[in-house]
Amino acid sequence: MTARYSLDHVALAAADTAPTLRFLTGDLGGTVIFGGQSVGFRPMQVWLGSSDGDGMPVELLEPWAVEQNDFLARFIQRHGAGPHHLTFKVPDLVAALDRVRAAGFRPTEIDVSDPEWKEAFLQPREAHGTVVQLAESHGHPETRSELLAHVAANGPNAHPQWWAEPLPSDRPSATLRRVVLRTPRLETGLALFSGLLLGDVEHDADGVVDLVWPGGSRLRLVERPDAPPGVDRLDVEGLSAERVEAGTRFVPADSGPVS
């Protein structure tokens with residue numbers, strides 16, 4: 001089977017991610033699956049979904065070693081805590097970059113030095129108010145169900161584990177059903193997220209388009225010419241009431257249209 005693009009996760013930035021971690025693992029019953037440290041930031045991912053791979057991870061980003069690289073600290077200082085980027089896995093980063101350049105996009109921060117993780121970025125001015133990360137990944141479990149089985153048996157892939165161990169939760173895991181993104185024009189949003197990033201259209205009506213990728217990750221585009229583009233909210237099944245964490249709206253998945 002030919003490898004496809006996939007929407008892998010949504011990343012949220014905050015100066016202190018501990019309260020959001022407690023919310024994701026305690027209130028939503030999520031599972032920490034990954035974490036580590038890099039120059040300027042330290043990431044950690046929490047799975048929100050079922051053990052068979054239905055759902056999406058939320059990645060939390062916290063500034064670290066800012067004396068060496070302060071990009072994330074500067075982002076938070078300018079914008080406050082909130083959504084930082086969407087990561088799309090691609091089978092061949094060079095080919096993906098050729099496609100986006102041919103469409104007039106200007107990818108930045110291209111890094112192909114690590115054979116297990118190659119990446120590049122599209123900036124918010126081109127990507128409807130959010131950073132888009134394109135990543136080619138090797139040497140990891142091929143499917144989410146395989147990753148979750150590995151974490152259940154061995155614990156999170158921590159390099160190292162810099163966060164405090166979450167308290168066990170007796171709640172069933174909530175499911176991150178979709179990321180909702182405001183765009184000034186559906187036509188240009190579809191050109192990027194469907195035409196170039198290969199999301200399949202599930203629903204298209206009344207200024208709202210739902211896209212889905214292999215594995216079930218979903219993005220909803222909402223045409224809002226009267227509002228700034230960017231991530232509007234995260235729709236979560238199993239959440240009883242709206243909550244704001246890390247500058248981001250978590251909203252019950254059966255809620256109405258974006259207001």
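These questions and answers cover a pocket, a helix and a serine in a predicted model. Residues are numbered from 1 along each chain as its sequence is written. Local features need pLDDT of at least 70, side-chain atom pairs count only at pLDDT 80 or more, totals for chains, interfaces and linings use all residues, and side-chain values use heavy atoms, with hydrogens and water left out.

User: Which helix gives the most to the lining of the second largest pocket?

Analyst: A pocket is an open set of points on a 1 Å grid over the protein atoms alone, where a 1.4 Å probe fits, with protein on both sides within 12 Å along at least five of seven lines. Lining residues have an atom within 4 Å of a point. Of the 15 lining residues here, the closest to the centre are Ala18, Leu21, Arg22, Ala164 and Pro166. Five residues come from one helix (a DSSP run of H or I, at least four residues): H1, residues 18-27.

User: Is serine 217 buried or exposed?

Analyst: Serine 217 sits in the loop between strands E12 (208-212) and E13 (218-223); strands are DSSP runs of E, at least two residues. Buried means under 20% relative accessible area, and exposed over 50% (1.4 Å probe, protein chains only). Serine 217 has 0%, so the residue is buried.

User: Which backbone oxygen does the side chain of serine 217 reach?

Analyst: Serine 217 touches Leu7, Gly55, Met56, Arg144, Leu211 and Val212, leaving aside residues up to four places away in sequence. Touching means heavy atoms within 4.5 Å. At 2.9 Å, the side chain reaches the backbone oxygen of leucine 7.

User: What phi does leucine 198 take?

Analyst: Helix H5 spans residues 186-196, and Leu192 and Phe193 are among its buried residues. Leucine 198 comes just after H5. Its phi is positive, about 65 degrees.

Conventions:
Polar contact = N/O pair within 3.5 Å; in protein donor to acceptor, adjacent residues only side chain to side chain.
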